[in-house]
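User: I'm new to this one and would like to know what backs up each label. Could you take me through it?

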Amino acid sequence: MASIEFMKVSKSFDKHAVIKDLDLKIEDGKFTVLVGPSGCGKTTLLRMIAGIDPQTSGSVLIDGKDVTKIPPGQRGVAMVFQNYAIYPTMSVRENIEFGLKNNNVPKDERTRLVESISATVGLVDYLDRKPSTLSGGQRQRVALARAMVKQPSVFLMDEPLSNLDAKLRVQMRIELIELHKKLGTTFVYVTHDQVEAMSMADTIVLMNKGLIQQEAPPDIMYRKPNNKFAAEFIGVPPMNIDDLGVGKIKFGFRPESAVLSKNPGGLHFSIHGVIATREMLGSETVYQVKYKNSSYMIKCIEDHFSVDQEVYVEVAANKLFFFGEDGSRIGDEDGCFKDYLEALKG
Ligand SMILES: Nc1ncnc2c1ncn2[C@@H]1O[C@H](COP(=O)(O)OP(=O)(O)O)[C@@H](O)[C@H]1O
Ligand SMILES: [Mg+2]
């Protein structure tokens, strides 16, 4: 097991700075998910931990030790990629054993390791099969098993599920959560998918343009986003955000925080709009309501309304968010919060 720490880490390619002065502590034994839009620097961070592509300046520490001069093979980390390379001509057993043979691990020890690890990931019955005869999920498990035989103290995973179909992805998410529980090892998992981050992480590290926007457990990330970026990135549909009409202040509310009704219900924020679209998703319905130049997404358990119908959209005061000109969230402990709340009242 191991913790990871970035201290004032920057990374440039040519003269282009991709990561700037990043400080981050990744806790030992936790499932940490780095999430953010494509190109924000997630893979770059993982590669710095692995030592494949070291930082331009600053230090990376594993278990408190500066690993700058330690080559990738000796850092005690294993990486699983999106395009995992498993050898098609080798059996599952040979694939898993490959790294061990290379490291001259004795035969008995190899057999023991392969058997215990294939049991952990559910591959015992497939050890003699060729990868081409396996499903996508089973192949992904072979890639995991190959990383696991090295008994690393840190697992780095770079979008390992993005090539799988939606159903399998959900199943593999659960398998990874269970695997993490069994192993108790530090997992650092990279994804651009906020649903993956929310469902798997102990801690989410949200990045944008090489900068950390917020670092928090999923529930905090959702209930107390640091800024407009976090508020819009986490949650589907994203938070509704609109101009307050005071300075450059914006207000927001989550799609499921609004109440739709034919008649006004007396909640703090209340507008009378028209339903523009309706998506019935089974357990919930998502409506788009137009009001003046704005449109709001509303998520309801009930499916009571139809397109073109006039409805009230209402939100309780304690479900409203405000964001300052720089995008940061204004908390209810800030003096101006009350004024903004007042400005939103009909
Ligand atoms: N080897 C490289 N050479 C030049 N630019 C790179 C290289 N690797 C990554 N970049 C750039 O760094 C930025 C971050 O990339 P990356 O870490 O792969 O993002 P993410 O994994 O979040 O999608 C991107 O703008 C990308 O083009
Ligand atoms: Mg990437």
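Analyst: Sure, here is a round of questions and answers on a model that is predicted.

User: What makes β4 and β5 count as paired strands?

Analyst: Two strands pair if there are at least two bridges between them. Strand β4, residues 57-62, is joined to β5 by 2 bridges, and the two run antiparallel, so they meet that rule. For a spot to look at, find isoleucine 62, which stands opposite lysine 65 in β5.

User: Which strands share a sheet with them, and in what order?

Analyst: The order is β2-β1-β4-β5, an open sheet of 4 strands with antiparallel pairing. As for the edges, β2 (16-26) and β5 (65-66) each pair on one side only. Helix α1, residues 42-50, packs on this sheet and touches β1 (4-13), β2 and β4. The direction of α1 makes about 120° with that of β1.

User: How do you know that ligand 1 has polar contacts with the protein, and what are the distances?

Analyst: The cut-off is a pair of N or O atoms within 3.5 Å. A backbone N or O atom of lysine 42 is 2.9 Å from an oxygen atom of ligand 1. For threonine 43, an N or O atom of the side chain is 2.8 Å from a ligand oxygen. For threonine 44, a polar side-chain atom lies 2.5 Å from an oxygen atom of ligand 1. Each of these fits the cut-off, so each is called a polar contact. On the surface side, ligand 1 taken alone exposes 560 Å², and the protein buries 58% of that.

User: Which residues surround ligand 1?

Analyst: They are Phe13, Val18, Pro37, Ser38, Gly39, Cys40, Gly41, Lys42, Thr43 and Thr44. Sorted by class, that shell has 4 nonpolar, 5 polar and 1 charged residues. Helix α1 gives the most to the shell, with 3 residues.

User: Where does threonine 56 sit, and what does threonine 56 touch?

Analyst: Threonine 56 is in the loop between α1 and β4. Leaving out residues up to four places away in sequence, threonine 56 touches Ser10, Lys11 and Ser12. A polar atom of the threonine 56 side chain is also 2.8 Å from the backbone nitrogen of serine 12. That pair is within 3.5 Å, so it counts as a polar contact. By contrast, the C-alpha atoms of threonine 56 and isoleucine 117 are separated by 37 Å, with their positions 61 residues apart along the chain.

User: What makes β11 and β12 a hairpin?

Analyst: Strand β11 (residues 240-243) and strand β12 (residues 250-253) pair in the antiparallel sense over 4 bridges. There are 6 residues between the two strands of this hairpin, and in the turn glycine 245 has a positive phi of about 90°. One bridge pair is isoleucine 241 with glycine 252 in β12. Strand β12 is also joined to β18, residues 321-323, by 3 bridges in an antiparallel run. There, phenylalanine 251 stands opposite phenylalanine 322.

User: Which backbone details should I look at?

Analyst: A cis peptide bond joins valine 236 and proline 237, with omega about -15°. Proline 237 lies in the loop between α8 (228-233) and β11. Then there is glutamine 151, whose phi is near 45°, a positive value in a residue other than glycine. Glutamine 151 is found in the loop between α4 (136-148) and β7 (154-158).

User: Why are β13 and β16 called edge strands?

Analyst: Their sheet is an open one of 5 strands, in the order β13-β17-β14-β15-β16, with antiparallel pairing. Both β13 (258-261) and β16 (294-300) have a single partner strand, so one side of each has no neighbour in the sheet. From one strand to the next, the twist averages 40°.

User: How do you know that β14 and β17 pair?

Analyst: Strand β14 (residues 269-280) and β17 (residues 310-315) share 6 bridges in the antiparallel sense. The rule asks for at least two, so they count as a pair. Among the bridge partners are phenylalanine 269 and valine 315 in β17.

Key:
Residues are numbered from 1 along each chain as its sequence is written. Chains are lettered from A and ligands numbered from 1 in the order in which they are written. This is a predicted model: local features need pLDDT of at least 70, side-chain atom pairs count only at pLDDT 80 or more; totals for chains, interfaces and linings use all residues. Side-chain values use heavy atoms; hydrogens and water are left out. Contact means heavy atoms within 4.5 Å. Axes are lines fitted to C-alpha atoms, for helices over the stretch in contact, and angles run from 0 to 180 degrees between N-to-C directions. A residue is near a molecule or strand if one of its heavy atoms lies within 4 Å of it. A polar contact is a pair of N or O atoms within 3.5 Å; within protein, one must be able to donate a hydrogen and the other to accept it, and residues adjacent in sequence count only if both atoms are side-chain atoms. Accessible areas come from the Shrake-Rupley method with a 1.4 Å probe; for residues, only the protein chains shown count as cover. Ala, Val, Leu, Ile, Met, Phe, Trp, Tyr, Cys and Pro count as nonpolar, Asp, Glu, Lys and Arg as charged, and the others, Gly among them, as polar.
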